[in-house]
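Okay, thanks everyone for coming. Let's put the structure up and walk through a few spots in it.

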Amino acid sequence: MYPISHSVVACLGGWLLAVSAVAADAPSTARISWSALGVPHVEADDEQGLGYGIGYAYARDNLCLLADEVLTVSGQRSRVIGRAGRSSTGLDNLTSDIFFHWLNSDEQVRAFWRAQPAAMQQRISGYVAGFNRYLAQTPVAQQPALCRNAGWLRPLQTEDVVRLARRLLVEGGAGRFATALVGATPPAAQPSAFLPRSADSRLAARNLAELNAFAATHGSNAIAVGGARSDNGKGLLLGNPHFPWTGGLRFYQMHLTLPGRLDVMGAALPGLPLVNIGFNQHMAWTHTVDQSSHFTLHRLKLDPQDALSYSVDGQREALTKRSIQVQVREADGKVVTVSHDLYTSRFGPLVTIPGLLPWDRQRAYALQDVNLGNDRILTQWDAMNRAHSVKELQQVVASIQGIPWVNTLAVDDQGDALYMNASVIPNVPTAQLAQCADPELVKAGLPGLDGSRSECNWQDDPGASQKGIVAARHLPQLLRTDVLQNSNDSAWMTQPGAPLVGFSPLISRSDRPLGLRARFALTQLQQHGNGPLSGAFLAGLVKGNQVHMADLALDDILAFCKAQHGVTLRPACTALSRWDRRAQVDSGLGLVYFQLTMAALQKGREPWRQPFTASDPIHTPRGIAWERADVARQLAQSMTDAQAQVSAMGVPAETRWGELQTVRRGEQRIAIPGGDGKLGIYNAITTEPDGYRFDVDGGSSYIQLVSFDQAGPVAQGLLAFSQSSDPASKHFKDQTQLFSAQAWRSLPFTPAQIKADGGSEVVQLK
């Protein structure tokens, strides 16, 4: 292996962030060994060397993916690719570029960089150099076909890593409002001719879909078992995040070692030189997307004579206009400059959604994202990587407060189990909400405040790591030795024996039905009794692919079928009666009939025999009250419509679920188990229609099941979509095939385990 100069990260048409470079006479080194499924085990003597190895390994597996995401977060898609097309986020190129020019301004990127400790700056600069080393030594002919000669594959810059981190920060806030932010236009102004326009109803639908997509595509299950309930007195953790299988949130497995200082294995998001979910010698942790609000909307009272001015406490303030300049390559190859104006209040940028968030002569709405002030995200996960116990983890999370929008569940080899909803949350106490909440937005399920009174803005909380956020000591957390769980619900039922209540609605709610994945887990735990819990039991919750909604509703639907006379509903009733109530690859068409029927049934009047009650949230709502005439009509119509949709698919009655729910890997379709998490399928999978098939685009991603013995962690799991996004790689589909067969593999941690795993390739980098 030959050395490469760090000058390869020189600025290309921009400015380069100053980094703390390692002296030329003492170069950093990295050693990478790959285990059988392509997982890199990176060891180095210093931070820069560790980053160097991570960047090199990641480039080898996902060169094009990261280059494409860098193009997005730097706001260069329209210039390089052109007006046509969309990013992995689903935004059209121009809207995406305007949004990321706003988010990742030079000033904000510099400020974020300056806030990083020297060690993290060294890790990042090493990552950049390692990525660029792989790029520089790989001939164009050997680069992946997706980005070979594409015009957007370039050396990485340190700014790019910062931009990627800042994109991750706002996924739970401003990132959900990108179209609404870019589309906010004063009432007297003409809409920009450069942006794609549509009728108000269609634009509103697109904005709302973008707003709701976060919850639909970001989820997780987690169960943390303490020593009082595990089968060996030590901690036991199931981590089952549900994330996109492509794009900027696609996990990557890796193992990082700085001898005597760091030894951590798990999964990371693109561009991050650390582990987001994983385990070390003594402790394991995972995350679930929380239900807390990480933004608020502020209703501005506008000056009737000037829609660009608003008042706070009776004092007039002018909106600030910022012009964004974006270069756009037109179809004829000519590059033009598009100027687009964004408007900002003291709270943040204005956003509009037709019919929900208007900007008229009386009012407008501003978005305040709490994570725009969070520059601690990388420091936070680095400290978590190094924590050697649950109590130490709890302390570093509470003191740094850099987690953007997820819960944390963890266990250790001493038998402690932890739940923390210690993300970055605006501090708006319940009493303040009672006086300041915007009724219309609250009705729409959005956190809205009166922006005309300063008393309604966020309050400082002594001890918090950032102005305007809730201090960790005031957030939900449990440290126990029994069982804790979360599947993206509020903190309330994390442990039914110790309900977490009394928090501001922006933090946690205790008056809403639980999601069906949480109800499934809690039901299974209850049915298991008080005996010890094993790894096999936890794995079975995922691998069993049980449809919990069928437990709650199918018996009544089948009773309704028996009460029918005639053959009208026979196809649906027959398929439902033969279905195994699971989402296995060999499950029958009954799953399709059931999913379509329940989706339609729940759009009408409440069909449940036993409605939700807060006194029994695990078991309600349940049952279909088909004896009621109105419910019977709804059910009959829903089943009739389901039959029509299945008939239109044109598939034989004996079709199996694995023939319908698949993922493409080259020319091959791989059957994928699991299904819609809203049905209570723990192994949640999201899909897009593809003819009569359902093409998988997200869901169960990095799965880890971690326990401990006297020697350290004992881990198994998978990366459902495999390590590499390059179709030419041998690690493009190997783990996907294992996931199809539900064959989790051991995750090798020690040198002996890595060697025994069958990996033989080793690379020394300097």
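Quick bit of vocabulary before we start: when I say helix or strand, I mean a DSSP run, at least four residues for a helix and at least two for a strand, numbered from the N terminus. And keep in mind that this is a predicted model.

With that, let's begin at a loop. Glutamine 401 sits in the loop between H10 and S16, right after H10 ends. What's odd about its backbone? Glutamine 401 has a positive phi of about 50 degrees, although it is not a glycine. Is glutamine 401 buried or exposed? Buried, with a relative accessible area of 0%.

Now the helix before it. H10 covers residues 390-400, and its buried residues are Val390, Leu393, Gln394, Val396, Val397 and Ile400. As a reminder, an α-helix has 3.6 residues a turn, so residues three or four places apart point the same way. What covers those buried residues of H10? Among the elements doing that are helix H9 and strands S8, S16, S17 and S19.

There's another backbone oddity at asparagine 488, where phi is near 80 degrees, again positive in a residue other than glycine. Asparagine 488 is in the loop between strand S20 and helix H13, and it is buried too, at 8% relative accessible area.

While we're on loops, look between strands S21 and S22, where you'll find proline 621. A cis peptide bond joins threonine 620 to proline 621, with omega about 0 degrees.

Okay, on to strand S4, residues 236-244. Why do I call S4 largely enclosed by the rest of the structure? Because 9 of its 9 residues are buried. Which strands pair with it? S3 does, antiparallel, over 7 bridges, and there alanine 224 has leucine 237 as its bridge partner. S27 is joined to S4 by 3 bridges, antiparallel as well, with leucine 238 opposite leucine 705. Then S26 pairs with S4 over 3 bridges, also in the antiparallel sense, and histidine 242 stands opposite serine 700 there.

S26 turns up once more, in the second largest pocket, which has a volume of about 740 Å³. The elements giving two or more residues to its lining are H1, S23 and S26, and H1 gives the largest share, 7 residues. There are 30 lining residues, with Leu146, Trp245, Thr246, Ser725 and Phe732 nearest the centre. By class, that lining has 13 nonpolar, 6 polar and 11 charged residues.

That's my tour; over to you.

Terms used:
Residues numbered from 1 in each chain as written. Predicted model: local features only at pLDDT ≥ 70, side-chain atom pairs only at ≥ 80, totals over all residues. Heavy atoms only, no water. Buried < 20%, exposed > 50% of the residue type's maximum accessible area, 1.4 Å probe, protein only. Pairing = 2+ DSSP bridges. Contact = heavy atoms within 4.5 Å. 1 Å grid on protein atoms, 1.4 Å probe; cavity = no way out; pocket = protein on both sides within 12 Å on 5 of 7 lines; lining within 4 Å. Points joined across faces, edges and corners; volume = space filled by probe spheres on them. Nonpolar A, V, L, I, M, F, W, Y, C, P; charged D, E, K, R; others polar.
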